[in-house]
Amino acid sequence: MLFHYFLPVSKGAHPTMPDNKHIKYLLSEDEMPRAWYNIMPDLPRMPDPVLHPGTKQPVTPDDLAPLFPMSLIMQEVSMEPYIEIPEPVRDVYRQWRPSPLFRARRLEQALDTPARIYYKYEGVSPVGSHKPNTAVAQVYYNKEAGTKKISTETGAGQWGSALAMAGAFFGVEIEVFMVKVSYQQKPYRRNLMETYGATVHASPTNLTDSGRSILAQDPDSPGSLGIAISEAVEVAAKSGGTVKYSLGSVLNHVLMHQTIIGEEALLQMQQADDYPDVVIGCVGGGSNMSGLLFPFIGKARREGLDTRFVAVEPMACPSLTKGLYAYDFGDTVGMTPLVRMHTLGHDFIPPGIHAGGLRYHGMAPLVSLLHDEGILEAQAYHQNAVFEAAVRFARSEGIVPAPETAHAVRSAIDEALAAKEAGEERVILFNLSGHGHFDMGAYDSYFAGKLQDYEYPAEAVAAAQQRLPQVV
């Protein structure tokens with residue numbers, strides 16, 4: 001069944017300054033979308049096949065069955081334009097969805113810009129980020145398949161918190177491997193996961209062969225998302241089917257579950273009688289950016305709109321701006337299937353920047369494809385510039401952004417200042433994917449002048465890329 005929620009907008013058209021003075025645009029629970037949007041039919045070409053790590057041949061559903069329930073495997077390869085959201089998932093969504101769309105009028109005034117700035121705010125979820133949009137769905141499908149336990153990784157802790165909450169809702173045990181540097185920087189995220197009943201480990205650990213191999217090489221390893229993924233995948237793969245694995249980003253079905261963000265935003269932009277010239281999201285693996293941008297990208301491709309789409313990443317982990325578009329493992333040890341993506345190399349260990357959710361060596365294959373096709377622009381920022389923008393935003397709009405989503409704030413402010421310089425109107429929409437209430441240690445470091453700006457050396461990137469798996 002096809003689901004459609006939006007009215008057409010003529011190419012290049014957006015109204016002049018709307019007469020209404022609204023700051024917040026809300027949808028009722030009844031207006032919440034009933035299906036996720038699948039961008040696959042609207043892509044300019046088919047994605048490259050996912051390859052088995054051993055045989056280098058395209059994977060089959062049976063190859064993925066030890067890790068995921070079949071319902072999610074089928075979503076991963078679906079060509080249906082919309083996939084219906086199960087009612088039990090919508091019941092949970094109603095606790096915070098539909099989420100609000102804000103017009104950032106006070107920020108506009110502070111910047112003295114003719115631009116109109118809108119942001120979709122996902123920090124209203126119980127865990128303060130966009131991550132429950134897929135966590136709830138994934139745990140639901142696992143529960144339906146009889147799964148009793150799920151293993152996963154987390155960087156900054158937003159994903160782990162979301163999966164832990166969903167596990168509590170559906171009665172599924174959750175085991176989380178949290179990147180060690182974030183485990184140390186963000187103890188309250190760990191406490192939140194434990195409050196929901198999850199077991200949390202600082203990765204790398206001595207609990208898995210993957211973790212032990214990393215610690216043998218570097219006993220003081222700060223960890224990485226790639227390492228944590230290796231540990232979580234190993235737990236599931238060696239469980240004999242009693243444990244499944246869940247990922248918070250990168251995979252097609254994960255990005256699709258997030259598109260409820262953009263579907264709501266399309267309706268809310270109609271309420272505002274406006275339409276964006278540029279849509280922005282921060283990227284680590286790609287989930288929150290895809291959630292907002294994919295429905296707008298699909299609309300632009302179907303209707304010939306000239307909307308710009310921007311992905312923003314840290315200079316310290318520049319997978320889109322410096323990465324190679326090639327086949328690579330999703331984890332450090334090499335247990336996951338091979339996917340073609342922008343990658344810095346699977347053994348890349350990023351610096352311990354505070355945007356822990358963006359410290360991933362690769363990028364979602366669908367996001368990588370869109371960037372390779374020129375549909376998606378990429379920008380990279382140093383963390384001090386990002387925190388400067390976050391503070392400016394907080395002092396104007398009152399919301400303290402998480403360090404990850406502050407990258408999108410930085411880009412939106414720069415777009416607004418560019419519009420001011422050019423003396424032109426510009427409609428800017430970005431995803432404020434989470435609040436920073438658990439990240440005040442990062443703000444403390446910023447105010448104390450202790451944040452260092454890392455730019456990952458080109459020679460280190462090149463060396464890591466030399467160790468990519470060989471695929472003919």
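1. How many bridges join strand β10 to β11, and in which direction do the two strands run relative to one another? In this predicted model, strand β10, residues 278-282, is joined to β11 by five bridges, and the two strands run parallel. Within this pairing, valine 278 stands opposite arginine 308 of β11.

2. The pair β10 and β11 belongs to an open sheet of seven strands, whose order is β1-β4-β5-β15-β10-β11-β14. The pairing in this sheet is mixed. Its edge strands are β1 (24-25) and β14 (377-381), each of which pairs on one side only. Helix α12, residues 260-271, packs on this sheet and touches β1, β4 (101-103), β5 (116-121) and β15 (427-432). The direction of helix α12 makes about 140° with that of β5.

3. Strand β11 spans residues 308-314 and is also joined to β14, by five bridges, with the two strands running parallel. Alanine 311 stands opposite alanine 378 in β14. As for its surroundings, β11 is mostly covered, since six of its seven residues are buried.

4. An open sheet of four strands is also present, in the order β8-β7-β6-β9 and with parallel pairing. At its edges stand β8 (199-203) and β9 (243-245); each has a single partner strand, so one side of each is left without a neighbour in the sheet. From one strand to the next, the twist averages 25°.

5. The bridges of β7 may be described strand by strand. Six bridges join β6 to β7, and these strands run parallel; here the bridge partner of lysine 149 is glutamate 173 in β7. Five bridges join β7 to β8, again in parallel, and methionine 178 stands opposite alanine 202 in β8. Six of the seven residues of β7 are buried, so this strand is largely enclosed by the rest of the structure.

6. Two helices should be considered together with the four-stranded sheet. Helix α6, residues 158-170, lies across β6 and β7 and runs at about 160° to β6. Helix α8, residues 187-195, packs on the sheet and touches β6, β7 and β8. The direction of helix α8 makes about 170° with that of β7.

7. The structure holds 31 salt bridges. Side chains of opposite charge can pair when their charged atoms come close. One such pair is glutamate 264 with lysine 120, whose side chains meet at 2.8 Å, N to O. Because glutamate 264 lies in helix α12 and lysine 120 in strand β5, the pair ties together parts that are 144 residues apart in sequence. Both glutamate 264 and lysine 120 are buried.

8. A salt bridge is also formed by the side chains of lysine 149 and glutamate 175, at 3.0 Å, N to O. The pair links distant parts of the chain, with lysine 149 in strand β6 (residues 149-154), glutamate 175 in strand β7 (residues 173-179), and their positions 26 residues apart in sequence. Glutamate 175 counts as buried because its relative accessibility is 11%, where buried means under 20%.

9. In the salt bridge of aspartate 209 with arginine 212, the closest N and O atoms are 2.6 Å apart. Both residues lie in helix α9 (residues 209-217), three residues apart, which is about one turn of the helix. Aspartate 209 is partly exposed, with a relative accessible area of 41%, and arginine 212 is likewise partly exposed, at 36% relative accessibility. Elsewhere, salt bridges that share partners join Glu29, Glu87, Arg90, Asp91 and Arg94 into one network.

10. Which residues of helix α2 are buried or exposed? Helix α2, residues 70-77, includes valine 77 and glutamine 75. Valine 77 is exposed, because its relative accessible area is 54% and exposed means over 50%. A nonpolar surface patch of about 270 Å² is made by Met70, Met74 and Val77. Glutamine 75, by contrast, counts as buried, at 8% relative accessibility.

11. The contacts of glutamine 75 complete this note. Leaving aside residues up to four places away in sequence, glutamine 75 touches Trp36, Ile83, Tyr141, His253, Met256 and His257. The C-alpha atoms of glutamine 75 and valine 254 are separated by 9.3 Å, although the two residues are 179 residues apart along the chain.

Notes: Residues are numbered from 1 along each chain as its sequence is written. This is a predicted model: local features need pLDDT of at least 70, side-chain atom pairs count only at pLDDT 80 or more; totals for chains, interfaces and linings use all residues. Side-chain values use heavy atoms; hydrogens and water are left out. Two strands pair if DSSP finds at least two bridges between them. Contact means heavy atoms within 4.5 Å. Axes are lines fitted to C-alpha atoms, for helices over the stretch in contact, and angles run from 0 to 180 degrees between N-to-C directions. Patches are made of residues with over 30% relative accessible area and no salt bridge: like charges are joined within 9 Å, nonpolar side chains (Val, Leu, Ile, Met, Phe, Trp, Tyr) within 5 Å. Accessible areas come from the Shrake-Rupley method with a 1.4 Å probe; for residues, only the protein chains shown count as cover. A salt bridge is a side-chain nitrogen of Lys or Arg within 4 Å of a carboxyl oxygen of Asp or Glu. Buried means under 20% relative accessible area, exposed over 50%, partly exposed in between (1.4 Å probe, protein chains only).
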